[in-house]
Amino acid sequence: MALSRIARGSSLSQSLSKLSPETAQIVSRTGQSASNNARQVHLFTLVSSCNKTSIQNYSNNIIFQSRGISNTPQFQHPSAQAALDYDSEPETERVMPELGPTKGFEKPRVVVLGTGWGACRFLKDIDTKIYDVVCISPRNHMVFTPLLASTCVGTLEFRSVAEPVSRIQDALAKSPGSHFFLANCTAIDSDKHEVYCTVVTNDGLPYEPYEFKVAYDKLVISVGAEPMTFNIKGVYEHATFLREVYHAQKIRQKLLLNLMLSEHPGISVEEKRRLLHCVVVGGGPTGVEFTGELSDFIMRDVRQRYTHAKDHIKITLIEGNELLGPFDPKLRQYATNHLAKSGVNIVKGIVQEVQKEKILLKDGTEIPYGLLVWSTGVGPSKFVNKLDLPKSRGRIGVDEWLRVPSVQDVFALGDCAGYLEHTGKEVLPALAQVAERQGKYLATVFGTIGKQRGGRAYQSKDVDLGKPFEYHHLGSMASVGRYKALVDLKQNKDSDGLSLAGFLGWLMWRTAYLTRTYSWRNRIYVAANWATTLFFGRDNSRIGV
């Protein structure tokens with residue numbers, strides 16, 4: 001009725017008469033709304049050639065506006081939605097979040113990439129009265145790698161070998177200008193003094209991937225290295241490495257799972273032997289120590305708690321050269337004999353391919369396995385390979401003061417760094433003690449730079465950095481199981497020094513690593529775990545998926 005009254009009072013009645021009955025019916029449903037806005041209804045005189053859907057959509061729009069709702073209702077017709085997208089304003093380009101350059105009243109900012117031995121020692125010793133520190137790493141803790149093998153079989157718990165970086169450097173938790181970012185660095189712009197990062201996980205963040213950039217005055221690259229696979233097919237897919245806590249967790253879960261699966265009814269003897277065959281590839285300190293721990297676990301705990309599996313479980317250690325190559329020859333022979341007595345099958349061979357349930361050696365030998373641990377050393381990471389920086393044997397090239405000479409304010413240390421050829425020094429081995437001592441030295445260098453007001457970007461070019469870094473090898477140690485260990489304190493193979501093996505070496509090994517853990521908290525954890533294992537055996541609870 002309201003629509004009729006409007007039509008009688010204007011020339012609109014003639015326009016409405018031109019509409020088809022079906023279209024007029026649609027328009028009539030807007031009656032109440034159109035009475036409030038005659039001008040909008042008048043527009044319908046222009047749509048005699050339009051289809052029903054277009055009229056319906058416009059009608060809906062009028063009704064929503066007459067009710068005070070400002071947003072346009074969603075169109076249901078695909079072509080109408082496409083028109084809406086076409087007419088919409090273009091989306092504003094996303095601005096990358098950033099931690100911008102430091103200002104004059106702020107302390108210079110040092111960005112540290114990594115939380116390994118070198119990075120954490122640097123974080124521990126750097127003077128935070130002079131610098132603000134930003135640490136960027138995909139993990140928020142340091143791993144005490146010499147004891148990592150012990151966590152795989154329950155001798156130690158995982159938290160005993162992990163030290164949070166906020167406990168190593170409390171400024172990361174307390175200082176307003178210092179931060180820890182759980183992220184991977186993806187690129188470095190040395191001209192702009194910026195690093196570009198991607199957050200490890202996007203859960204709860206506004207978009208994916210969540211990327212940001214951080215400006216630096218000084219940059220310390222200590223991203224470590226990656227396990228070497230020698231491009232052997234199937235290693236990444238089927239083997240487990242032993243460098244991180246989650247690697248140890250995966251090994252422990254797989255080992256306990258295979259022990260339990262082997263006891264199920266219907267499992268053939270051949271399949272049971274495969275499930276319980278633990279293969280370790282790599283005869284370096286990590287591979288030998290894990291083999292020793294695994295042997296102890298089998299000799300004491302498996303025999304007592306998995307009596308149905310004790311006669312089928314076996315360990316094979318595969319090495320292409322000599323076990324424990326850097327050690328004294330007599331110690332290497334001692335380790336070989338001791339592991340053989342402990343039931344370890346030592347195979348000298350080269351892996352050609354890794355398949356889901358077996359390993360193929362170059363001589364044609366096939367070795368079935370249930371658990372495969374890969375420990376063949378480390379090499380440059382993909383991140384280091386793609387950096388546009390000078391390289392030395394695949395590592396970031398540095399001078400005697402651990403500076404990257406081709407760019408300003410960039411330093412590198414640890415497994416990812418190596419001396420350039422012009423220094424006349426050999427690339428140092430990828431050892432924890434090398435990285436730790438480099439971190440300690442570099443913190444001293446930064447103290448010198450800060451005291452000479454060179455902490456800002458581009459301000460340290462002419463600063464006297466003092467004595468260059470010098471490395472002196474402190475020796476090597478390795479546990480071989482059953483309360484036996486090797487201690488080699490020689491500077492090199494040809495020099496004189498203490499070398500011993502056996503129970504006394506085991507006491508020295510445990511004492512050294514107990515005192516080298518980063519905090520009293522972890523020392524108490526480790527000592528308590530050792531005591532618990534001695535009196536009650538290893539924990540064989542399988543927790544997790």
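Is Y458 buried, partly exposed or exposed? Hold that thought for a moment, everyone, and let me show you around. What we have on the screen is a predicted model. The answer for Y458 is partly exposed, with a relative accessibility of 43%. You will find Y458 in the loop between helix 18 and strand 23. Its backbone is worth a look too: phi of Y458 is near 65 degrees, a positive value in a residue that is not glycine.

That loop holds another residue I'd like you to see. R453 also sits between helix 18, residues 432-451, and strand 23, residues 476-479. Phi of R453 is near 60 degrees, again positive in a residue other than glycine. R453 counts as exposed, at 74% relative accessibility.

Now let's step back to the whole chain. There are 545 residues, and 48% of them are buried. The chain has 20 helices and 25 strands. If we take contacts between residues at least 6 apart in sequence, 65% of them join residues at least 24 apart. As for the outside, the chain exposes about 28400 Å², and carbon and sulfur atoms supply 51% of that.

Let's move on to the sheets. As a reminder, strands of a sheet pair through backbone hydrogen bonds, in a parallel or an antiparallel way. Four strands here make an open sheet in the order 13-12-11-17, with parallel pairing. Strand 13, at 344-348, and strand 17, at 371-374, are the edges; each has a single partner strand, so one side of each lacks a neighbour in the sheet. On average, neighbouring strands in this sheet are turned by 20 degrees against each other, ignoring direction.

Look at one pair inside that sheet. Strand 11, residues 277-281, is joined to strand 17 by four bridges, and the two run parallel. There, V281 stands opposite W374 of strand 17. And what lies across these strands? Helix 15, residues 285-305, lies across strands 11, 12, 13 and 17, and runs at about 170 degrees to strand 12.

A second open sheet has three strands in the order 19-20-22, and its pairing is mixed. Strand 19, at 391-392, and strand 22, at 417-419, are the edge strands, each pairing on one side only. Strand 20, residues 395-398, pairs with strand 22 in the parallel sense over three bridges. One of the matched pairs is G397 with G418 in strand 22.

Next, strand 2, residues 109-113. Five of its five residues are buried, so strand 2 is largely enclosed by the rest of the structure. In a regular strand, side chains alternate between the two faces of the sheet. Here both faces are covered: R109, V111 and L113 are buried on one side, and V110 and V112 on the other. Strand 2 pairs with strand 3, residues 132-137, in the parallel sense over five bridges, and R109 has D132 as its bridge partner in strand 3.

Two of those strand 2 residues, R109 and V111, turn up again as contacts of Y216. Y216 is in the loop between strand 8, at 211-215, and strand 9, at 218-221. Is Y216 buried or exposed? It is buried, with a relative accessible area of 3%. Beyond its sequence neighbours within four places, the contacts of Y216 also include H193, E194, D409, V410 and A457. Y216 and V410 are 194 residues apart in sequence, with their C-alpha atoms 9.6 Å apart in space.

A quick stop just before strand 8: P209 lies in the loop between strand 7 and strand 8. The peptide bond from E208 to P209 is cis, with omega near -5 degrees.

Let's finish with a helix pair. The axes of helix 19, residues 503-516, and helix 20, residues 520-536, come within 8 Å and cross at roughly 145 degrees. The crossing is right-handed. From helix 19, R510, L514 and T515 meet R523, V526, A527 and W530 of helix 20. By class, this contact has four nonpolar, one polar and two charged residues.

V526 in helix 20 is my last residue. It is buried, with a relative accessible area of 0%. Setting aside residues up to four places away in sequence, V526 touches L147, L156, S160 and L514. The C-alpha atoms of V526 and F158 are 10.0 Å apart, while 368 residues separate them along the chain. Thanks for listening!

Key
Residues are numbered from 1 along each chain as its sequence is written. This is a predicted model: local features need pLDDT of at least 70, side-chain atom pairs count only at pLDDT 80 or more; totals for chains, interfaces and linings use all residues. Side-chain values use heavy atoms; hydrogens and water are left out. Buried means under 20% relative accessible area, exposed over 50%, partly exposed in between (1.4 Å probe, protein chains only). Contact means heavy atoms within 4.5 Å. Accessible areas come from the Shrake-Rupley method with a 1.4 Å probe; for residues, only the protein chains shown count as cover. Axes are lines fitted to C-alpha atoms, for helices over the stretch in contact, and angles run from 0 to 180 degrees between N-to-C directions. A crossing is left-handed if the near helix is turned anticlockwise from the far one by less than a right angle, and right-handed if clockwise. Ala, Val, Leu, Ile, Met, Phe, Trp, Tyr, Cys and Pro count as nonpolar, Asp, Glu, Lys and Arg as charged, and the others, Gly among them, as polar. Two strands pair if DSSP finds at least two bridges between them.
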